[in-house]
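Let's take a walk through this model together, one helix and one ring at a time. Keep the structure open beside you and turn it as you read.

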Amino acid sequence: RSMSPWQVEAAVGQLPGIVAGSVLAFTVAGNGSGPERLVVVAETHATSQEDFSRIETEVVRVTDEALGLPPDHVLLVSPGALPKTSNGKLRRNETLALYNRGKLKSGGGRAPWLQVVGLWRENLGALASLGLSRLVGSAGRAVTTALAASVSWVASAWTQLSGNRGLLRPVGRWALRLHGEQFEMTGSDALTQAGPLVYVVNRNGVLDPVILASSLSGKVRFSGEEALRGLPAWAVRLMRPLLLERPATNGPAPAGGWSRASIREGLRQGQTVLVFPDGAPGVTAARSRYRLDAFAGAIEAGARLQPLALRGRVLPAPERRLARPKTMTEIRVAQPVEAATTDAFALRQRIRETIAELHA
């Protein structure tokens, strides 16, 4: 007949001298072709033979009341003798295996701290591998950051001394590979360099400015300091020479603000302006407003706007052990839009909808 072990375990667990939650009932194969034998194993704080006999008698009694038959064997063990999981649950199958091998002894057993040591020993290999992986990862990140910082400093210093920004693009590509960042462009046939142009791009990841500066040709300039927010120090140093210069004037701020004036003047000088109007990743909604500066400046300079959408994904893990994961950023290009309107709000809405379609 079928019997429920939990009914016996609950009843035995309430007996005086039994450790609550430390009772298991199970059946084992009989000798030869005999019937299965019912075994009840319980932890107890008892130390004297008199207490052992009393508790064993009570276990037989409550088991008989619960199932209608007494147990074939009652085994009382010391607290901590039964194997448990890390969160304190009894391990039924392991207890049965120990019983069958004769490893459970009456009144004996491993202390709780020995069980903890045993669990640590069983998982030592996995823990060592995880620790090594984290150590290698931390060391790799430290070396990568140091290399990127050193080369970025040299490239930035050379740019400032020579005025030649041509070194920034190859250095940016090298730094991206060093950090496991890859990129690809779709729709590049739509890219144009004719006339004043504004790239309008959504933010996808921390290194977006470096990715775009490394992938777009021409005299690309970032519209303002907001493009550098959230970048690591080495990337800020590398990208700072690509910021638009503020118009030289000693007078008050122009109408529309310095950002709008800088974009307008940069476009009139033949530079291609790149704008992140929605703020850096992680900023609050209040700071991530879709600004009108670029759209108003494009209208005033008679420029075209080209929407770009960035989408990122993590590449499949490499087969090499402890290899660094890599990410891929896809740059999607839309057809340029003529700023043939004086309504900056309508132009902004059109660009936003185009980027949303590209990103979908």
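The buried residues of helix α3 are covered by elements that include β1, β2 and β3. This is a predicted model, and everything below should be read in that light. Which residues of α3 are buried? They are Thr-95, Leu-98 and Tyr-99. Looking down the axis of α3, you will find these buried residues within an arc of 100°, so they line one face of the helix. The face turned away from that buried side carries Asn-93 and Asn-100, which are exposed. Just after α3, Gly-102 adopts a positive phi of about 75°.

Helix α2 can be read in a similar way. Its buried residues are Phe-52, Ile-55, Val-59, Val-62, Thr-63 and Leu-67. Viewed along the axis of α2, they fall within an arc of 110°, so they line one face of this helix. An α-helix has 3.6 residues a turn, so residues three or four places apart point the same way. On the face of α2 turned away from the buried side sit the exposed residues Glu-50, Thr-57 and Glu-65. The cover over the buried residues of α2 includes α1 (5–13), β1 (18–28), β2 (37–44) and β3 (73–77).

The length of α2 can be checked too. With 19 residues (49–67) at 1.5 Å a residue, the helix should span 27 Å, and its end C-alpha atoms are indeed 27 Å apart, which agrees. Just after α2, Gly-68 takes a positive phi of about 85°.

Now look at Leu-38, which lies in strand β2. Is Leu-38 buried or exposed? Its relative accessibility is 7%, so Leu-38 counts as buried; the cut-off for buried is under 20%. Setting aside neighbours within four places in sequence, Leu-38 is in contact with Phe-26, Thr-27, Thr-63, Leu-67, Pro-70, Pro-71, Asp-72 and His-73. Two of these partners, Thr-63 and Leu-67, are buried residues of α2. Pro-71 is 33 residues from Leu-38 along the chain, and the C-alpha atoms of the two are separated by 5.0 Å.

Next come the aromatic rings. A pair of aromatic rings is described by the distance of the centres and the angle of the planes. How many aromatic pairs does a search of the whole structure find? It finds two, and they are set out here.

| Aromatic pair | Arrangement | Centre to centre | Angle between planes |
|---|---|---|---|
| Phe-26 and Tyr-99 | edge-to-face | 5.7 Å | 70° |
| Phe-222 and Phe-276 | stacked | 6.4 Å | 20° |

Phe-26 belongs to strand β1 and Tyr-99 to helix α3 (residues 92–100), so their pair ties together parts that are 73 residues apart in sequence. Phe-26 and Tyr-99 are both buried.

In the other pair, Phe-222 lies in strand β6 and Phe-276 in the loop between β7 (272–275) and α10 (293–301), so this pair ties together parts that are 54 residues apart in sequence. Phe-222 and Phe-276 are buried as well. Phe-276 has a further partner: the charged end of Arg-203 sits over its ring, 4.5 Å from the centre.

Phe-222 also leads us to the largest nonpolar core, which has 34 residues. Those with the most contacts inside this core are Tyr-199, Val-201, Leu-212, Phe-222, Met-239 and Leu-274. At least two core residues come from each of α5 (124–162), α6 (168–178), β5 (197–201), α7 (208–215), β6 (220–222), α8 (233–239), β8 (304–314) and β9 (327–333). Which helix gives the most to this core? That is α8, with five residues.

Met-239, for its part, touches Pro-209, Val-210, Ala-213, Phe-222, Leu-228 and Leu-231, not counting residues up to four places away in sequence. Apart from this core lies another, of 24 residues, among them Val-200, Leu-244, Val-275 and Ala-334.

Helix α7 deserves a look of its own. Eight of its eight residues are buried, so α7 is largely enclosed by the rest of the structure. They include Asp-208, Ser-214 and Ser-215 alongside Pro-209, Val-210 and Leu-212.

Finally, step back to the whole chain. The protein chain holds eleven helices and ten strands, and buried residues make up 41% of its 360 residues. Among contacts between residues at least 6 apart in sequence, 71% join residues at least 24 apart.

Definitions and conventions: Residues numbered from 1 in each chain as written. Predicted model: local features only at pLDDT ≥ 70, side-chain atom pairs only at ≥ 80, totals over all residues. Heavy atoms only, no water. Helix = DSSP H or I, 4+ residues; strand = E, 2+ residues; numbered from the N terminus. Expected span 1.5 Å × (residues − 1). Buried < 20%, exposed > 50% of the residue type's maximum accessible area, 1.4 Å probe, protein only. Arc of directions from axis to C-beta. Contact = heavy atoms within 4.5 Å. Core = buried A, V, L, I, M, F, W, Y, C linked by side-chain atoms within 4.5 Å. Phe/Tyr/Trp six-rings, centres within 6.5 Å; stacked < 30°, edge-to-face > 60°. Lys NZ or Arg CZ within 6 Å of the ring centre and 35° of its normal.
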